[in-house]
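Biologist: I am new to this structure and would like to go through it slowly, asking for the reasoning behind each term. Could you show it to me before we begin?

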Amino acid sequence: PQWEKKVQHSCQAKRSGGMVVLVTGASGFVGTHVSLALKKRGDGVLGLDNFNDYYDTSLKRAREGLLKKHGVFVIEGDINDSKLLNKLFDVIPFTHIMHLAAQAGVRYAMENPSSYVHSNIAGLVNLLEACKTANPQPAIVWASSSSVYGLNDKVPFSEIDRTDQPASLYAATKKAGEEITHTYNHIYGLSITGLRFFTVYGPWGRPDMAYFSFTRNILQGKPITVYRGHNRVDLARDFTYIDDIVKGCIASLDTATKSTGSGGKKKGPAQFRIYNLGNTSPVTVPTLVNILERHLKVKARKNIVDMPGNGDVPFTHANITLAKMELGYKPTTDLQNGLKKFVKWYQNYYGYSYSKM
Ligand code: NAD
C-alpha cells in the first residue's frame, strides 16, 4: 500500500552502516531539527506525531512540509496506539528511537493535567512495551528535562544532584520517565539514554516559550509580562541553541550504538545513561528582552510582575562535564547569536515586522 511505500522510502539509509531511526514528536520543534540532521547525514528516519493543538498546529504542519521536502515522512499517530507501533516495528527494523513526543510546558499542566499523564507517562510506557518485543531491539534516546532539578537551588546542576522536589506536574512526569526507563533497562535490557534539555530555543521554535511570545508581542506593539523571582531577583535560564541540542542528540544515538551494538553485534550490557544538555551560561530574562529589543530594533513594553506559583523555577544552570566527556558535547552558540538566527527566521516565516503593523 501507499502508506508502507512512503514509510519504507523514508526509512532507507543512504550511507553504509546508517541508522534507522523512529523520531517521535517529529513535527515538534526539536523533532524537526533532529530528523533533518539525521536525514542529511544519510540515516533512515521516520517521524511520528499526533499533531495535537497544544500550540498552533499550522506551525507543526509547516514543519511537516519542510521534513517532507527533505524526504522524511511523518505518520500522524499517537504513541499510545500500540497497534500502530507494533505494525511499524513489524515492517521496519528500527535501530534507534529518538523519543521526543511529550506534553511540554510547565504552566499548561494546571489547565490540563491529564495530557501530561497521557503522553509523558502512559505514552512512554506504551512505547517501551513496543520496543521490548521489537526485533531488533532499538536503542532509545529520549528527552527528559532540566525541570527535574525542581526546587534544588545548588547550581550548576549535575546529574548526581537531587531531583526529588519537582515544582510542576511536567517536571514530575519527566522524573517519572527517568525511573520508568530505568526499570525497562534493568528488566528487559533496553539501551536507554535520557537527555535533560535546558531551555532550547531557535528557528521553528515553540510559540508557548517566552523568547517566542516576547518576539511576537514586541513586533505587534503589545506589552510583555516579565516575571521576577522572590526578593526581586531576576529569573535566569541556561538557554541552549537548537543546533547544539541536535548535536547532543545525535552523539547520544551514536554512543548508544557503540555500547550496545544495536543493529549489529552485541557488546555487553545495555546502557542506562542520563546527561545534562545545556549551555552552561545562564542569562536573566531582562537580558533576554534586551537582546531581543536590539535584534528587533523595537523597545518592549514591559509589565514586571512577581512570579506566580505556577511551576516555574527561579533559575537553571547546567553542569555538562559528563556529556562533554562521554558524548563530546560542546555547545558553541551563545544567546546573542542564537537569537539573531531565531529573529531572522521569525521575520521570514511570519513575513512582517513592526513597521508594517
Ligand atoms: P514540541 O511540543 O514542539 O514537540 C513535541 C511533539 O510531540 C509535538 O509536535 C506534539 O504534537 C507531539 N506529541 C505530543 N504528545 C504526543 C503523543 N502522545 N503522541 C504522538 N505525538 C505527540 O516540544 P519540543 O520543544 O520539541 O520538545 C521535545 C521534547 O523535549 C519534549 O519531550 C520536551 O518535553 C523536551 N524538552 C524540551 C525543552 C525545550 O526547551 N524545548 C526543554 C526540556 C525538555
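Biologist: Which element gives the largest share of the shell around the ligand?

Modeller: This is a predicted model, in which local features need pLDDT of at least 70 and side-chain atom pairs count only at pLDDT 80 or more, while totals for chains, interfaces and linings use all residues. Residues are numbered from 1 along each chain as its sequence is written. The largest share of the shell, 3 residues, comes from α2, where helices are DSSP runs of H or I with at least four residues and strands are runs of E with at least two, numbered from the N terminus.

Biologist: What makes a residue part of the shell around the ligand?

Modeller: Its C-beta atom, placed from the backbone, has to lie within 6 Å of the ligand. The shell has 28 residues, and the closest are G25, G28, F29, A102 and A143.

Biologist: Why is α4 called roughly parallel to α5?

Modeller: Their axes, lines fitted to C-alpha atoms over the stretch in contact, with angles running from 0 to 180 degrees between N-to-C directions, cross at roughly 30° and come within 10 Å. Angles under 35 degrees count as roughly parallel, over 145 as roughly antiparallel, 65 to 115 as roughly perpendicular and the rest as oblique, so α4 is roughly parallel to α5.

Biologist: Why is the chain called as compact as a globular protein of its length?

Modeller: The globule rule, 2.2 Å times the number of residues to the power 0.38, gives 21 Å for 357 residues, and the radius of gyration of the chain, taken over C-alpha atoms, is close to that at 20 Å, so the chain is as compact as a globular protein of that length. Its secondary structure comes to 11 helices and 13 strands.
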